[in-house]
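Visitor: Can you walk me through the charged pairs in this one? I'd like to look at the model while we talk.
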Amino acid sequence: MTFVPPARIAARAAGLGLLLAAATATCAFAQADAPPTPKAGDTAWLLVSSALVLMMSIPGLALFYGGLVRTKNMLSVLSQVFAIVALVSIVWVTYGYSITFTEGDHTALPWLDAGLAWAGIPAGAELNNFIGGFDRLFLKGVTPASTAATFSNGVVVPEYAYLAFQMTFAIITPALIVGGFAERIKFPALLVFVLLWSTLVYFPIAHCVWYWAGPDAIAEAARALQAAPDETAKAEAQQALDAVMANSGFLFKLGALDFAGGTVVHINAGIAGLVGALIIGKRIGYPRDIEPPHSITLSMVGAALLWVGWFGFNAGSNLEANGTTALAFVNTFVATAGATLGWLFAEWATKGKPSLLGMISGAVAGLVAVTPASGFAGPMGSIVLGLVAGVVCYFFVTVVKGLFKYDDSLDVFGIHAIGGILGAIGTGILVSPDFGGTGLVDYVAKPGEAAAGAYDMIAQVLVQTRAVVFTVLWSGIGSAILYGLVHLVIGLRVSKDAEREGLDITSHGERAYNP
């Protein structure tokens with residue numbers, strides 16, 4: 001509705017016309033003050049992105065992992081990934097969404113402040129910085145009319161669309177861990193571990209990185225500060241603004257950038273996979289008697305589905321359909337291509353022949369590395385990031401893994417953890433406008449607008465490094481405790497006879513391929 005100035009109306013009509021004009025003006029002002037409503041395009045894109053990310057897990061990741069194991073374990077990997085999708089979906093709508101994306105308790109944690117002082121992290125930690133509350137337990141209060149904030153002032157999406165999109169991230173993260181200990185874990189132990197790990201590791205990390213009050217809450221508090229008539233009112237308004245800014249996850253509060261899950265998903269899962277591989281132990285006969293992947297063809301199909309689905313993963317993380325969405329889309333395209341070529345030429349130079357397995361591994365490494373930077377970097381920076389990730393991940397998979405002799409079956413650590421670390425720290429560099437990045441955003445300087453924020457490369461890289469260290473420690477220590485607990489109660493590893501025969505028959509009573 002367009003507000004028409006009363007003077008112009010008066011020139012056209014009088015009496016009743018003037019009254020109607022006044023009513024129109026009042027209606028216009030009322031509409032201007034009305035809460036924002038979701039746009040059809042944003043909603044459609046977020047729902048499509050949710051379906052794309054689900055496709056990454058099933059069938060994408062399942063086929064990618066399944067083709068890399070031996071024939072006798074193909075069906076077990078498919079079963080593990082499929083079961084995780086079902087399990088985490090129910091956990092998410094029961095309590096996972098609530099404790100991840102709602103405001104938690106504001107109890108102060110002075111003991112944690114002392115522990116974080118070594119990293120130069122300011123005091124003021126509270127429980128809400130690490131875990132949310134129970135306002136959305138069993139999806140209480142979520143309706144077709146309820147909305148969730150995006151990254152733009154005055155733009156919202158349906159809360160159902162938002163929680164569905166975030167659910168697909170909660171699903172794929174523990175599914176990635178399977179690659180660390182494939183071919184030797186008990187199926188019941190895996191399900192119990194995933195339940196505990198999602199609750200105590202994934203949900204808190206996601207809350208730490210992605211939870212915040214939203215741009216409109218910040219704008220409202222900033223406007224109140226600007227409109228404060230005296231010093232007393234300004235002090236009160238400043239206190240209210242500080243409270244809104246503090247209502248965020250621990251790493252978000254520090255200023256860490258993670259557009260789509262470099263820390264939350266990839267470092268988190270990669271470290272958990274490595275810890276699992278070390279605790280459960282090597283496969284029987286590793287590395288001498290382990291057969292090569294039984295179907296690189298299926299793994300290529302899975303990798304291709306991952307690449308396509310990753311457009312929803314990264315571009316969907318903008319939550320809206322706009323220019324930043326397109327930027328993340330393009331970055332996902334070119335970084336993956338760069339990493340594929342980086343791995344290809346590194347392998348060609350060192351082994352004499354480029355392999356398809358190397359190319360699809362490089363592609364996944366590029367997808368992982370660009371994830372945290374996808375909405376912040378420029379395309380040229382993303383290509384460089386992809387090239388670096390392809391070469392560095394190749395080095396970790398072929399050299400470091402052999403040097404330390406750990407059996408990370410499907411290279412979850414070498415690709416996801418290392419690629420995630422490169423991407424997370426690299427984001428602090430590539431966000432720079434000098435390198436074609438978007439720069440930082442300040443929601444306070446011009447309330448209601450996303451103004452350009454102050455950027456210092458060294459300071460931002462330091463923040464990114466702190467986020468990486470925090471995630472590595474939280475995931476590593478938390479995962480080790482949970483593996484130990486599950487081992488005591490259920491036992492983590494199948495028997496030697498079961499492992500030799502294959503988990504398809506011994507765990508599920510069926511084969512992936514029948515003669």
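Guide: Sure. There are 9 salt bridges, counting a side-chain nitrogen of Lys or Arg within 4 Å of a carboxyl oxygen of Asp or Glu. This is a predicted model, where local features need pLDDT of at least 70, side-chain atom pairs count only at pLDDT 80 or more, and totals for chains, interfaces and linings use all residues. Residues are numbered from 1 along each chain as its sequence is written, and side-chain values use heavy atoms, with hydrogens and water left out.

Visitor: OK, what does Arg70 pair with?

Guide: Glu183, with the closest N and O atoms 3.1 Å apart. Arg70 lies in the loop between α3 and α4 and Glu183 in the loop between α6 and α7, so the bridge ties together parts 113 residues apart in sequence. Helices here are DSSP runs (H or I, at least four residues), numbered from the N terminus.

Visitor: Is Glu183 buried or exposed?

Guide: Buried, because its relative accessible area is 2%; the cut-offs are under 20% for buried, over 50% for exposed and partly exposed in between (1.4 Å probe, protein chains only).

Visitor: And what about Arg283, which acid does that one meet?

Guide: Asp407, at 2.8 Å, N to O. That pair links distant parts of the chain, 124 residues apart: Arg283 sits in the loop between α11 and α12, Asp407 in the loop between α15 and α16. Arg283 counts as buried at 7% relative accessibility, and Asp407 does at 1%.

Visitor: So which residues end up in one network?

Guide: Arg70, Glu183, Arg184, Arg283 and Asp407, joined by salt bridges that share partners.

Technical notes:
Helix = DSSP H or I, 4+ residues; strand = E, 2+ residues; numbered from the N terminus.
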